[in-house]
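The exercises below ask you to work through strand pairing, helix geometry, salt bridges and backbone conformation, each with a solution in steps. Please keep the sequence and the model in view while you read.

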Amino acid sequence: MTTVALILLDHAIALLSVIAWFAAGVTLLLRRARPALALLAVALLLTLARVASVAVLAGRGWWFVQEKVLLGLPMLVVAAVTATTIAGPRLLGSARGVGRPEKVDAAAVVALFTAAYAALAGFVVTFLIGYPLTLGTALITIAVVIAGVLLTVRVLAAPNAKTSNGDTDPDRPAVSRRRFLGVAGGVVVVGTAGAGAGSTLAAAEAVADEGGGAAPGPGSRAAVSVTDLRGPDTPAPGGVRREYVVTARKAAVRLESGRDIDAWTFDGTVPGPPITATQGDLVEVKLINHDIDGGVTLHWHGYDVPCGEDGAAGLTQDVVAPGGEFVYRFRADQAGTYWYHTHYASHVGVTRGLYGALVVKPREDTGELDLTLPVHTFDGIATITGGAEHLAPAGTAVRLRLINTDSDPHWFALAGTPFRVAAVDGRDLVQPGEISRTGLRLPAAGRYDVVFVMPETSVALKLDGHAATVWLRPQAGAPDGQASTIDTTGWSELDLLTYGAPAPVALRADAANRHFTMVLDRGLAMVDGSPTYARTVNGRGHPSIPDQLVTEGDIVRLTVVNRSLETHPWHLHGHTVLILSRDGKPVSGSPLWVDTFDVRPGQVWEVAFRASNPGIWMNHCHNLPHADQGMMLQLRYDGVTTPFGGMAGMDMPGHH
């Protein structure tokens with residue numbers, strides 16, 4: 001069973017146990033002893049099942065069960081044992097009698113409701129707080145459960161309480177208001193202490209995370225601003241300077257599908273103009289903002305530019321406001337498929353069209369038919385741009401550069417020919433084997449280079465299981481042939497971690513001197529100073545998540561855990577990471593260097609990189625609404641500073 005299946009099973013058992021305990025208490029309150037006894041037995045069985053499910057889930061990682069083991073289960077088990085001890089014998093005795101009991105057994109009812117409150121509290125903590133459990137959360141939760149119990153006692157034992165026939169019940173003991181308020185006041189003190197402990201711990205945790213590495217000493221590194229970390233101004237020997245001017249403006253755009261949309265564009269087109277270079281060239285791009293309210297930047301997704309060229313508004317530069325401009329400059333040393341997009345309020349800007357392709361080709365002319373095919377969703381309809389039909393004579397080498405510019409994954413299927421995935425995220429794979437009848441799941445922001453030799457019949461590229469979106473034909477008018485009838489919906493997914501051939505890498509991950517764990521979840525947290533039900537990293541939302549502090553030359557290991565029920569495509573700026581393992585299984589195929597990797601629900605990924613690009617870098621979920629809702633933090637090199645105010649400046653107010 002997968003980890004996410006275990007998580008869902010545990011959630012289901014927890015919810016059923018809440019229902020069973022409450023049902024037992026309500027049924028007894030209605031003086032129906034036999035049904036109450038049966039429901040008590042069901043509740044006990046579900047509690048035991050919950051213990052078993054948590055025990056199994058613990059084998060997948062402490063992150064998935066921490067709050068359950070330390071708080072939820074102990075509360076529930078203690079309450080369940082107490083309820084069984086108090087209510088069990090009384091229910092057995094009443095069940096042997098005939099008819100309804102003459103009066104409500106208040107002690108038994110309170111015991112059953114206490115177990116119900118404990119079960120509910122543990123369930124709520126998992127959904128509202130998640131990981132990690134803090135002392136403050138534990139104290140507040142216990143206080144709330146006690147308050148619920150006290151309120152139940154007060155209601156059941158209130159003076160002048162009536163029996164079912166309307167008479168006053170003289171056997172119900174009265175609880176004085178003074179005594180009740182006194183105990184309730186103690187609960188408030190406990191809850192307040194919990195809140196204080198939580199805030200104190202939060203303040204203590206707000207310092208930078210050193211990942212277990214040595215803390216830099218005072219003055220160990222000369223301070224340098226991100227504004228000084230800019231790109232070179234000359235190409236490599238043999239390269240040329242390639243200058244572009246890109247203007248961000250609002251425009252009405254007709255998509256290749258024939259639909260008209262009101263878009264935010266670069267140079268009036270969606271996607272924006274392709275930025276291309278040959279390896280070793282100097283790329284210089286002047287960005288002008290004509291009329292995009294709030295502002296824009298350019299981020300070179302997956303390209304390891306110097307930090308000052310990264311385009312992270314509020315972190316590496318000020319946003320380019322309407323009427324403003326900014327010049328980016330970097331050397332195109334790495335050939336491959338990349339893309340660019342705005343990085344200010346990107347969950348809005350990218351969605352509305354502020355993106356384009358960045359392709360750097362090797363100096364050697366490969367003679368391929370080279371097609372760049374970005375996919376983007378407008379108004380709920382995913383579209384591939386780059387032409388619906390292309391001619392490729394039989395025997396032609398073809399390269400399809402697939403770019404996912406959305407926040408969700410897309411499924412590609414190439415029908416009519418065997419093919420190879422030659423590169424992932426712009427980095428070549430080692431000896432990628434030829435495959436067919438295999439689907440490709442492309443993560444948000446990811447890129448695949450698919451290569452094949454054109455057959456004598458037509459080839460179809462299908463998107464998300466739909467009819468062919470892009471056709472390649474050996475000659476004009478060539479029939480669709482077999483490719484049009486192939487059903488791709490049942491194709492298996494290519495597992496890149498087992499694809500290609502192993503090869504040595506120049507990174508010893510076992511020698512990592514810093515290790516950071518990021519547990520991705522949902523929970524109540526502060527995002528930009530406001531409380532919200534956030535997308536969290538280690539229980540926090542930006543900008544409250546501690547920076548990850550590294551020193552140039554460090555080997556850094558990241559453990560990324562997804563406790564949530566949504567996929568999180570994880571993206572670190574300025575660095576390419578080496579995938580080490582997924583769910584404990586090491587990579588067995590080609591070394592896999594990526595800049596974005598999909599962490600699906602319940603998965604645990606281990607990746608590593610060398611800290612060789614000084615700066616302050618965003619480290620975030622590339623489901624852009626998730627990032628806006630809190631799921632982003634900073635990787636900061638010792639000694640690097642920014643004058644731009646930090647990540648809180650990256651988002652427009654009111655878009656959470």
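## Exercise 1: an open sheet

Strand β8 (residues 336–341) and β6 pair in the antiparallel sense over three bridges, where strands are DSSP runs of E of at least two residues, helices are DSSP runs of H or I of at least four residues, both are numbered from the N terminus, and two strands pair if DSSP finds at least two bridges between them. The model is predicted, so that local features need pLDDT of at least 70 and side-chain atom pairs count only at pLDDT 80 or more, while totals for chains, interfaces and linings use all residues. Residues are numbered from 1 along each chain as its sequence is written, and side-chain values use heavy atoms, with hydrogens and water left out.

Task: find the bridge partner of His 301 in β8, and then place β6 and β8 in their sheet.

Solution. Begin with the residue pair: the bridge partner of His 301 in β8 is Trp 339. Next, follow the order of the open sheet, which has four strands, β4-β9-β8-β6, with mixed pairing. The edge strands of this sheet are β4 (275–278) and β6 (299–301), each of which pairs on one side only. From one strand to the next, the twist averages 25°, an angle between N-to-C directions on a scale from 0 to 180 degrees, with axes fitted as lines to C-alpha atoms.

## Exercise 2: the span of a helix

Task: compare the expected span of helix α2 (residues 33–58) with the distance between its end C-alpha atoms, and list its buried residues.

Solution. The expected span of a helix is 1.5 Å times one less than its number of residues. For the 26 residues of α2 this rule gives 38 Å, and because the end C-alpha atoms are 37 Å apart, the two values agree. The buried residues (under 20% relative accessible area, with exposed meaning over 50% and partly exposed in between, for a 1.4 Å probe and protein chains only) are Ala 33, Ala 36, Leu 40, Ala 43, Leu 46, Thr 47, Arg 50, Ser 53, Val 54 and Leu 57. As background to reading such a list, an α-helix has 3.6 residues a turn, so residues three or four places apart point the same way.

## Exercise 3: salt bridges and cysteines

Task: contrast the settings of the salt bridges Asp 521 to Arg 563, Lys 361 to Asp 370 and Asp 510 to Arg 508.

Solution. A salt bridge is a side-chain nitrogen of Lys or Arg within 4 Å of a carboxyl oxygen of Asp or Glu, and a search of the whole structure finds 32 of them.

1. Asp 521 and Arg 563 meet at 2.8 Å, N to O. This pair links distant parts of the chain, 42 residues apart, with Asp 521 in strand β22 (residues 514–527) and Arg 563 in the loop between β25 (555–562) and β26 (568–572). Asp 521 counts as buried because its relative accessible area is 6%, and Arg 563 is buried too, at 8%.
2. Lys 361 and Asp 370 meet at 3.9 Å, N to O; Lys 361 is partly exposed at 37% relative accessibility, and Asp 370 is partly exposed at 23%. Both belong to a network of salt bridges that also links Glu 368, Arg 399, Arg 401 and Asp 449.
3. Asp 510 and Arg 508 meet at 3.2 Å, N to O, and both residues are exposed.

For the cysteines, the count of disulfides (pairs of cysteine sulfur atoms within 2.5 Å) comes to zero. Cys 307 is buried at 1% relative accessibility, and Cys 621 is buried at 0%.

## Exercise 4: loops and backbone angles

Task: which peptide bonds, those before Pro 271 and Pro 543, are cis or trans, and where does Asp 425 lie?

Solution. The bond from Val 270 to Pro 271 is cis, with omega near -5°, and Pro 271 is found in the loop between β3 (260–266) and β4. The bond from His 542 to Pro 543 is likewise cis, with omega near 0°, and Pro 543 has its place in the loop between β23 (530–537) and β24 (548–550). Asp 425, in the loop between β15 and β16 (427–428), has a positive phi of about 55° although it is not a glycine, and Asp 425 is buried at 2%.
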